[in-house]
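The following exercises concern aromatic contacts and annotated spans in a single chain. Each task is followed by a worked solution.

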Amino acid sequence: MLGLRGVALARGLRAGVSAWLRGSSCRALGLAHTASAPRSGDWRSPASPQSHGRPLSLSAAAVVSSAPRPLQPYLRLMRLDKPIGTWLLYLPCTWSIGLAAEQGCFPDWYMLSLFGAGAILMRGAGCTINDMWDCDYDKKVTRTANRPIAAGDISIFQSFVFLGGQLTLALGILLCLNYYSIALGAASLLLVITYPLMKRITYWPQLALGLTFNWGTLLGWSAIKGSCDPSVCLPLYFSGVMWTLIYDTIYAHQDKRDDALIGLKSTALRFQENTKQWLSGFSVAMMGALSLVGLNSDQTAPYYAALATVGAHLAHQIYTLDIHKPEDCWDKFTSNRTIGIIIFLGIVFGNLWKEKKIDETKTNKDSKIEN
């Protein structure tokens with residue numbers, strides 16, 4: 001009798017658990033469907049696959065989706081759910097901080113952290129300014145129609161107040177640096193404000209973006225050294241500008257049809273079917289400038305090994321690029337984060353290798369003296 005009751009009880013429990021699981025599954029799928037609704041942002045894939053039914057995700061988009069609902073439009077306005085732009089703004093800063101480190105030493109971790117926070121804030125401020133300028137255009141482009149201002153989730157006034165908050169926090173970070181760097185950082189604000197307008201007046205807005213996004217190559221060095229060394233900083237800045245022309249031209253091919261219809265300009269429309277030839281030229285210029293940086297900063301084998309890897313990456317990226325497929329343009333665009341990381345690692349290990357060379361030189365001198 002007890003055995004029969006135990007069997008009946010077990011069956012009842014299984015039935016209850018199954019019913020609960022079915023209900024939870026339906027609720028989870030419903031929540032996942034809501035969270036996976038298309039979100040707009042700067043530098044995003046036009047056809048990003050959405051994951052359904054995943055209970056936990058540490059992706060930037062998932063973090064933004066889990067934030068309080070009134071806060072989400074502001075986080076999307078600063079593109080916190082699309083961190084690729086922050087990476088591409090931050091990585092040139094890491095290059096110059098790494099190059100400015102003492103021989104045989106790692107980069108200054110405090111400065112790397114400070115510039116990381118600054119990159120998040122300034123990229124967010126740049127996106128806010130961009131959306132305030134372009135809200136009427138964004139409504140006419142499929143990829144950008146759901147951006148917070150264009151969609152009416154945030155008003156222009158609210159955006160302006162939010163922009164003031166971001167710039168105030170960024171100023172607080174800038175004031176942690178030396179006076180030279182404060183003045184240099186303040187000088188970049190004009191570029192931040194005006195570059196979103198360039199797509200209206202020139203086919204080279206990507207050049208304006210490059211001048212803006214790579215300002216950190218100057219600022220990172222001056223934050224460590226107290227001033228800029230033109231022999232290192234200028235070719236490094238130039239290489240970053242060439243890099244931006246590469247990846248943002250690829251990015252612009254996603255929107256070239258809409259841009260042509262509404263009268264906006266870009267290097268994608270300027271180059272058209274000659275895009276690969278132009279990208280190849282920019283790549284050669286970028287690699288040449290980075291080689292000059294290595295020579296002027298006494299870089300070692302790991303740095304040049306990283307450059308060789310970057311050159312191969314760029315060659316493959318350009319050769320396999322299909323400018324008529326937005327998905328492929330997005331994939332190629334995002335792969336540039338890997339390029340930036342490889343350059344940074346090459347700088348770090350190249351600098352550490354200098355200590356080994358110094359030790360070997362001292363050993364050779366000591367042995368000659370003894371002999």
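A residue is called buried when its relative accessible area is under 20%, exposed when over 50%, and partly exposed in between. The model examined here is predicted.

**Exercise 1.** Classify Phe282 as buried or exposed.

Solution. The relative accessible area of Phe282 is 8%. This value falls under 20%, so Phe282 is buried.

**Exercise 2.** Characterise the ring pair of Phe271 and Trp278, and assign the burial class of each residue.

Solution. Step 1: ring centres within 6.5 Å define a pair, and planes under 30 degrees apart count as stacked. Step 2: the centres of Phe271 and Trp278 are 4.4 Å apart with 10° between the planes, a stacked pair. Step 3: Phe271 has 2% relative accessibility and is therefore buried, whereas Trp278, at 32%, is partly exposed.

**Exercise 3.** Determine how the rings of Phe271 and Phe282 are arranged, and where the two residues lie in the chain.

Solution. Step 1: the centres are 6.0 Å apart and the planes meet at 50°, so the pair of Phe271 and Phe282 is tilted. Step 2: Phe271 belongs to helix α14 (residues 267–271) and Phe282 to helix α15 (residues 275–296), eleven residues apart.

**Exercise 4.** Describe the secondary structure of the annotated spans 278–295 and 333–353.

Solution. Step 1: an unreviewed UniProt entry records "transmembrane region" at several spans, including 278–295 and 333–353. Step 2: residues 278–295 are 100% helix, with end C-alpha atoms 26 Å apart. Step 3: residues 333–353 are 95% helix and 0% strand, with end C-alpha atoms 31 Å apart.

Technical notes
Residues numbered from 1 in each chain as written. Predicted model: local features only at pLDDT ≥ 70, side-chain atom pairs only at ≥ 80, totals over all residues. Heavy atoms only, no water. UniProt positions renumbered as here; feature names shortened; annotations may be inferred. Helix = DSSP H or I, 4+ residues; strand = E, 2+ residues; numbered from the N terminus. Phe/Tyr/Trp six-rings, centres within 6.5 Å; stacked < 30°, edge-to-face > 60°. Buried < 20%, exposed > 50% of the residue type's maximum accessible area, 1.4 Å probe, protein only.
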